[in-house]
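Student: I'm new to this one, so could you walk me through it and explain the terms as we go?

Tutor: Sure, let's have a look together.

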Amino acid sequence: MQHLTLPQGQVWFDETLLKEDPVLCFDADFWQQQNAVIGSSQGRGTTWFVRGEKVDMALRHYRRGGLFGKLVADAYWFTGWQQTRSYQELMLLQKLAQGGVNVPRPVAARAIKRGLTYHADILVEKVPNAQDLVGLLIKQGLPESVWQQIGQTVAKMHQLQVNHTDLNAHNILFDEQGQVWLIDFDKCYEQKGKAWQQGNLDRLLRSFHKEVGKRKIHFNQADWQALMAGYQG
């Protein structure tokens, strides 16, 4: 990763993936002026999908959720540049990608300090033509081999000692080739040992049960057993 020091901030970027200006690339207006915005999605804020010279990317500004997020939308307590959420997520994605886990490749991250707090943004590779697992399961069930592939992917992440604190069915994607991808690593981190790993799996299982009740997805106990067989195998 390359590193730039700004008057009030820091930028980290992969020059092999980002050919645009690493200072301007975190501004949605910059991409709109280039006619390079190819889509958007709404969550806590707007995620912009943009077409870069090398890769398509997702641009996200870090925002708080919950009640506190209504009071302090996007400011975080500053304790050092390498403790910022954007830098942490960038480095975690780099570790996972280098370890062979299908995650969006990290492109760039920025943190801007304002007094005792900071604001942050991140650019990651957009998984091409991907669909989340819930969208697939609304339409149809999946074969045992696919559930095993999901389990194998989660196991590979755990073997790299990465705790995905929000592992749920929406954060699992499939691309056009049927490959499994994991996304949304904000607030995730490396953790030693194995005691915490069951908590990730329990959270994932709860999300499947929730989507059965909410969206009537195709999911049953045999599917979970197949996922666990892939995880343990």
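Student: Which hand does the crossing of α5 and α7 have?

Tutor: The crossing of α5 and α7 is right-handed. Keep in mind that this is a predicted model. In it, α5 covers residues 144–159 and α7 covers residues 221–232.

Student: Why are α5 and α7 called oblique to each other?

Tutor: Their axes make an angle of about 45 degrees. Under 35 degrees would count as roughly parallel, and roughly perpendicular starts at 65. The angle of α5 and α7 fits neither range, and they are therefore oblique to each other. Their axes are 6 Å apart.

Student: Which residues make the contact of α5 and α7?

Tutor: A residue belongs to the contact if its heavy atoms come within 4.5 Å of the other helix. From α5, the residues include Trp-147, Ile-150, Gly-151, Val-154, Ala-155 and His-158. From α7, they include Asp-223, Ala-226, Leu-227, Gly-230 and Tyr-231. By class, this contact has 8 nonpolar, 5 polar and 2 charged residues.

Student: And what makes α6 roughly antiparallel to α7?

Tutor: The angle does. Helix α6, residues 197–215, crosses α7 at roughly 155 degrees. The cut-off for roughly antiparallel is over 145, so α6 counts as roughly antiparallel to α7. The axes of α6 and α7 come within 12 Å, and α6 passes α7 in a right-handed crossing.

Student: Which residues of α6 and α7 meet?

Tutor: In α6, they are Gln-197, Leu-201, Leu-204, Leu-205 and Phe-208. Facing them in α7 are Trp-224, Leu-227, Met-228 and Tyr-231. The contact has 8 nonpolar residues, 1 polar and no charged ones. Gln-197 is polar under the class rule, whereas leucine, phenylalanine, tryptophan, methionine and tyrosine count as nonpolar.

Student: How do α5 and α6 cross?

Tutor: They cross at roughly 145 degrees, and their axes come within 11 Å. The crossing is right-handed. Trp-147, Val-154, Met-157 and His-158 of α5 meet Gln-197, Asn-200, Leu-201 and Phe-208 of α6. That contact has 5 nonpolar, 3 polar and no charged residues.

Student: What makes Lys-187 and Lys-216 worth pointing out?

Tutor: Each has a positive phi although neither is a glycine. For Lys-187 the phi is about 70 degrees, and this residue lies in the loop between β12 and β13. For Lys-216 the phi is about 60 degrees, and this one sits in the loop between α6 and α7.

Student: Let's turn to the pockets. How much space lies in the largest pocket?

Tutor: About 1,200 Å³. Of the 34 residues lining it, the closest to its centre are Thr-47, Arg-60, Asn-171, Ile-183 and Asp-184. β3, β4, β5, α3 and β8 each supply at least two residues of that lining. By class, the lining has 11 nonpolar, 11 polar and 12 charged residues.

Student: And how do you know which classes line the second largest pocket?

Tutor: Sort its residues by class. Asp-166, Arg-203, Arg-206, Lys-210, Glu-211, Lys-214 and Arg-215 are in the lining, and Asp, Glu, Lys and Arg count as charged. Asn-168, His-170 and Ser-207 are in the lining as well, and these types count as polar. The result is 7 charged, 3 polar and no nonpolar residues. About 190 Å³ of space lies in this pocket.

Notes:
Residues are numbered from 1 along each chain as its sequence is written. This is a predicted model: local features need pLDDT of at least 70, side-chain atom pairs count only at pLDDT 80 or more; totals for chains, interfaces and linings use all residues. Side-chain values use heavy atoms; hydrogens and water are left out. Axes are lines fitted to C-alpha atoms, for helices over the stretch in contact, and angles run from 0 to 180 degrees between N-to-C directions. Helices (H or I, at least four residues) and strands (E, at least two) are DSSP runs, numbered from the N terminus. Angles under 35 degrees count as roughly parallel, over 145 as roughly antiparallel, 65 to 115 as roughly perpendicular and the rest as oblique. A crossing is left-handed if the near helix is turned anticlockwise from the far one by less than a right angle, and right-handed if clockwise. On a 1 Å grid over the protein atoms alone, a cavity is a set of points where a 1.4 Å probe fits but cannot get out, and a pocket is an open set with protein on both sides within 12 Å along at least five of seven lines; lining residues have an atom within 4 Å of a point. Grid points are joined across faces, edges and corners, and a volume is the space filled by probe spheres set on the points.
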